[in-house]
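Reader: I'm new to this one, so could we go through it slowly? I'd like to know what stands behind each word you use.

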Amino acid sequence: MSLSYAASLIAALLMFSASCLAVPAPVSGREEGSASTQKAYLEYMLAYEAEREERWDEALQHYREALSHDPESLHLKTQLSAVLIRLGRIPDARDALEELVRGSREYVPALVLLGHVYNTEKRVDDAVRIYERVIALDPSRDEARLLLGALYVAQGASKKAHALFEEVLKKDPENIMALYSVASIYMEHKEYDRAEALFRKMIEVQPSLDVAYLNAGLIRELKGDIPGAEESYRKALEMNPNSTLAREKLIQLYLSQKAFAKVIQELEAARERLPGNVDIRYKLGLLYLQEGAHEKALSEFTIALEARPADVALMYYKTLALEELKRYDEAIVVLKRILSIDPKNINAFVNLGFVYTRQNRYEDAANIYEEVLSFEKGKPEIYGYLGAAYLQLKNEKKAEEVLKEGTRLFADSDDLYFNLAVLYERTGRFEEMEAALKRVIALNPSHADALNYLGYSYADRGVHLDEALSLITKALDLKPDSGYIIDSLGWVYFKLGRLDDSLKTLLKALASVKDDPVLHEHIGDVYEAMRKYDQAVGAWQEALKFSGKEEGLKERVELKIRNTRGKTMILP
């Protein structure tokens, strides 16, 4: 059913029906001019004025006073019940109306209001019975016909509902509620062309009707006409800038098209209208984070947290923004706040470990991961993080214990075997490294890093060069923009003696990885093999600028420079 039309139709019609009761009318059939009638009418008028100004308690008091002077007035009793409904005193209103209807079974205004009460109490069958009686008593009551039709729809009796709506349209072809109701039934039965025609007719009758544009847009979207849907949703917003539903549909449409810039634009517009809406700021923050606008994301999360200071999800995303901005100490404070609220929040623990790692606080990171394993042993990635932390601490023994325990528990974890391969390479155990990498590739043939690692290791040792070329080429197919894999390809070309291909490839890698010392070293090695000694020394000197990133590189490269200087025109 389109946009929950049954509920909205009932609500709109009931509001209309209730409001129609609050009009000046003769109080009773008593003789005009009698003192009691005059007093009743005066109180009635005072009640009516109070209703107009929404002073419901005063209106109730005046109606009761009026009834004290004219206790038989059906109109006054009905009006008093209507005020009780306005005050939310539904049971009192129901009791009063049921008593009234028992005594006057054909008094239509009271029946209409009683139907409203039954519908409010979700007594659909009782409401249906009442509206059927209203139509039988007064066939001109089209609002009752529309309400009954909506209730039929709620009961699943669409055909009966359709017949009622068509009766209304025969008398009034431009009745908006009837057009909307029939169009919605067509929507339910996927008769989209017929539904859209009726929504377009509604727009002709009432051009400012945002709900018609909204439903027309929904049909366009269901038909795959994205530009048409966007146009309709935008028109709905133009007609009603406060329509949250129209904006939500537009945002969902843009999200389905991955048009994130447009989503952000719509959310920013919504934020301008509803600056205190936390959900809007939350969604905006997530999109800013995704699009790399970290300062904006931080601002949205911070403002949202002022309204929801204990919202763990908001705090977590705030830490992600702080990390991207390298405001690590602030991120730590927030992460510890999360853990004070939720002591076993895995995401907060892991993120705290990441922050400590970025600060080179590897011992703190290891302690965090050890704490996680004290209560959660079902996540293989924790073993990998802990093993990597111990590797950074140069505690290879402990790293190996952790990683082997991880692979024992999670024999199909390609990442754990990859970390184990790194450990074996660090400790000079080439055959074990080779076996671990082959295990990774067997588990995950698309593990680009393992393919590259094994291919580069072969190339660096000058063994299995054809296989190395195949492995690295496959890795590059999986990650075509990886500067490190392009470097590996250049290096295997060097080992194969394809110097021109090697230099061209390594320079291509340099475009995306400018601060990698090993890449600069490789370029220097190729220049040396080409006997371009000046360029070789220049490349090696660039490598020295970043030598802190690679253990042992400084000494190795300085030796190359010393050995090459005699072959160049460069002075010491």
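Author: Sure, let's start with K258, which sits in the loop between α14 and α15. Helices here are DSSP runs of H or I with at least four residues, strands are E runs of at least two, and numbering goes from the N terminus. Bear in mind that this is a predicted model, where local features need pLDDT of at least 70, side-chain atom pairs count only at pLDDT 80 or more, and totals for chains, interfaces and linings use all residues. Residues are numbered from 1 along each chain as its sequence is written, and side-chain values use heavy atoms, with hydrogens and water left out.

Reader: Is K258 buried or exposed, and how do you know?

Author: The cut-offs are under 20% relative accessible area for buried, over 50% for exposed, and partly exposed in between (1.4 Å probe, protein chains only). K258 has a relative accessible area of 62%, so it counts as exposed. Its phi is near 60 degrees, a positive value in a residue other than glycine.

Reader: And what makes R531 exposed?

Author: Its relative accessibility is 66%, so R531 goes in the exposed class. R531 lies in the loop between α30 (517–529) and α31 (533–545). R531 also has a positive phi, about 65 degrees, although it is not a glycine.

Reader: Why is V101 called buried?

Author: V101 has a relative accessible area of 5%, and therefore it is buried. You'll find V101 in helix α5 (residues 90–103). Leaving aside neighbours within four places in sequence, V101 is in contact with A110, L111, L114 and R133; contact means heavy atoms within 4.5 Å. V101 and R498 are 397 residues apart in sequence, and 100 Å apart in space, C-alpha to C-alpha.

Reader: How do you know whether I219 is buried or exposed?

Author: The relative accessible area of I219 is 0%, so I219 is buried. I219 belongs to helix α12 (residues 210–222). Setting aside neighbours within four places in sequence, I219 is in contact with M187, Y192, A195, E196 and F199.

Reader: What makes a group of residues a nonpolar core?

Author: A nonpolar core is a set of buried Ala, Val, Leu, Ile, Met, Phe, Trp, Tyr and Cys residues joined through side-chain atoms within 4.5 Å. The largest one here has 179 residues, and F199, M202, L437 and V492 touch the most other members. Helix α10 (residues 176–188) gives this core its largest share, 9 residues. As for L437, not counting residues up to four places away in sequence, it touches F418, A421, A450, Y453 and L454.

Reader: Now the helix pairs. Why is α13 called roughly antiparallel to α14?

Author: Two packed helices are described by the angle between their axes and the distance between the axes. Axes are lines fitted to C-alpha atoms, for helices over the stretch in contact, and angles run from 0 to 180 degrees between N-to-C directions. Under 35 degrees counts as roughly parallel, over 145 as roughly antiparallel, 65 to 115 as roughly perpendicular, and the rest as oblique. Helix α13 (residues 226–239) and helix α14 (residues 244–256) have axes that come within 9 Å and cross at roughly 155 degrees. So α13 is roughly antiparallel to α14.

Reader: What are the residues in the contact of α13 with α14 like?

Author: They divide into 9 nonpolar, no polar and 4 charged. Here Ala, Val, Leu, Ile, Met, Phe, Trp, Tyr, Cys and Pro count as nonpolar, Asp, Glu, Lys and Arg as charged, and the others, Gly among them, as polar.

Reader: How do you know how α15 runs relative to α16?

Author: The axes of helix α15 (residues 260–273) and helix α16 (residues 278–290) come within 10 Å and cross at roughly 150 degrees. That makes α15 roughly antiparallel to α16. The residues of their contact divide into 9 nonpolar, 1 polar and 4 charged.

Reader: And what about α16 and α18: which word fits their directions?

Author: α16 and helix α18 (residues 312–324) pack at an angle of about 30 degrees, with their axes 11 Å apart. They are therefore roughly parallel to each other. In this contact, V278, Y282, L286 and L289 of α16 meet A313, L314, Y317, L320 and A321 of α18. Those residues divide into 9 nonpolar, no polar and no charged.
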